[in-house]
Amino acid sequence: GIWGQLSKVSETSFRKDFGLTSDKDSETEKALKHAVAYGMPAKKVETVVSFWAGIKHFTRDEFRCPCGKCGGFPVEPKEELVKIADEMREYFGSAVIIVPPDGHSGGSGVRCQSYNDSLSGSASNSRHIQGKAIDFSAPGVSASKIETYLNNLKNSGKIRYWYKISSGSYHMDIN
């Protein structure tokens, strides 16, 4: 019964997902009543995410902001970044996992500014906010193999830089 931030985010997401271009309450109410009575209409697929069809080893949700307030995608993860991560999984022959900043929940692909600002030690202009960075691990792959691969990506200009976050976890971002 309380109209708060989560309600606003949900309403904005509903409008966007189902093509409502107006923020008139009457149009939103009519669409919500229809969704309750007849089910949700098919979501419009944005062309921005069309490259996902060619990604073998990841889903879009793995890159979601874990804050629970922004709808998960304040920006889309950049195609180049996702393709590099996908190639890593192929090369290592092992799972490459988008790891959460706290090591427990959510992922650290895309972040909204608010969530990024809540993380201790995170840069206020983090590339995660632009969809250009991921934190990942590759369980079962040696640190030397991961670091050699990342150095090769850096030297070839495919990534901007990388660093080791902790034992088995790494950060990388693209230009």
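Good morning. I shall begin at one residue pair: Tyr-163 has His-171, in strand S4, as its bridge partner. Please bear in mind throughout that this is a predicted model.

His-171 has a further partner to consider. Asp-135 stands opposite His-171 in S4. These two pairings lead us to the neighbouring strands. Strand S3, residues 161-166, is joined to S4 by five bridges, and the two run antiparallel. Strand S2, residues 133-137, is likewise joined to S4 by five bridges, again in an antiparallel arrangement.

How are S3 and S4 connected? They form a hairpin with two residues between them. In that turn, Gly-168 has a positive phi of about 85°.

Let me now place these elements in the whole sheet. Four strands make up an open sheet, in the order S1-S2-S4-S3, and the pairing is antiparallel. Its edge strands are S1, residues 97-98, and S3, each of which pairs on one side only. As a general reminder, the strands of a sheet pair through backbone hydrogen bonds, in either a parallel or an antiparallel manner.

I return to S4, residues 169-173, to ask how many of its residues are buried. Five of the five are buried, so the strand is largely enclosed by the rest of the structure. Both of its faces are covered. On one side we find Ser-169, His-171 and Asp-173, and on the other Tyr-170 and Met-172, all of them buried. His-171, with which I began, is therefore a buried residue within a strand that is largely enclosed.

My second topic is a pair of helices. The axes of helix H3, residues 79-92, and helix H5, residues 143-155, come within 12 Å and cross at roughly 140°. That angle makes H3 oblique to H5. The crossing of H3 and H5 is right-handed.

Which residues in H3 and H5 meet? From H3 the participants are Ile-84, Glu-87, Met-88, Tyr-91 and Phe-92. From H5 they are Lys-145, Ile-146, Tyr-149, Leu-150 and Leu-153. By class, this contact has eight nonpolar residues, two charged residues and no polar ones.

To close, I would recall two points. S4 is joined by five bridges to S2 and by five bridges to S3. H3 and H5 cross with right-handed geometry. Thank you.

How values were computed: Residues numbered from 1 in each chain as written. Predicted model: local features only at pLDDT ≥ 70, side-chain atom pairs only at ≥ 80, totals over all residues. Heavy atoms only, no water. Axes fitted to C-alpha atoms, helices over the stretch in contact; angles between N-to-C directions. Parallel < 35°, antiparallel > 145°, perpendicular 65-115°, else oblique. Left-handed = near helix turned anticlockwise from the far one by under 90°. Contact = heavy atoms within 4.5 Å. Nonpolar A, V, L, I, M, F, W, Y, C, P; charged D, E, K, R; others polar. Buried < 20%, exposed > 50% of the residue type's maximum accessible area, 1.4 Å probe, protein only. Pairing = 2+ DSSP bridges.
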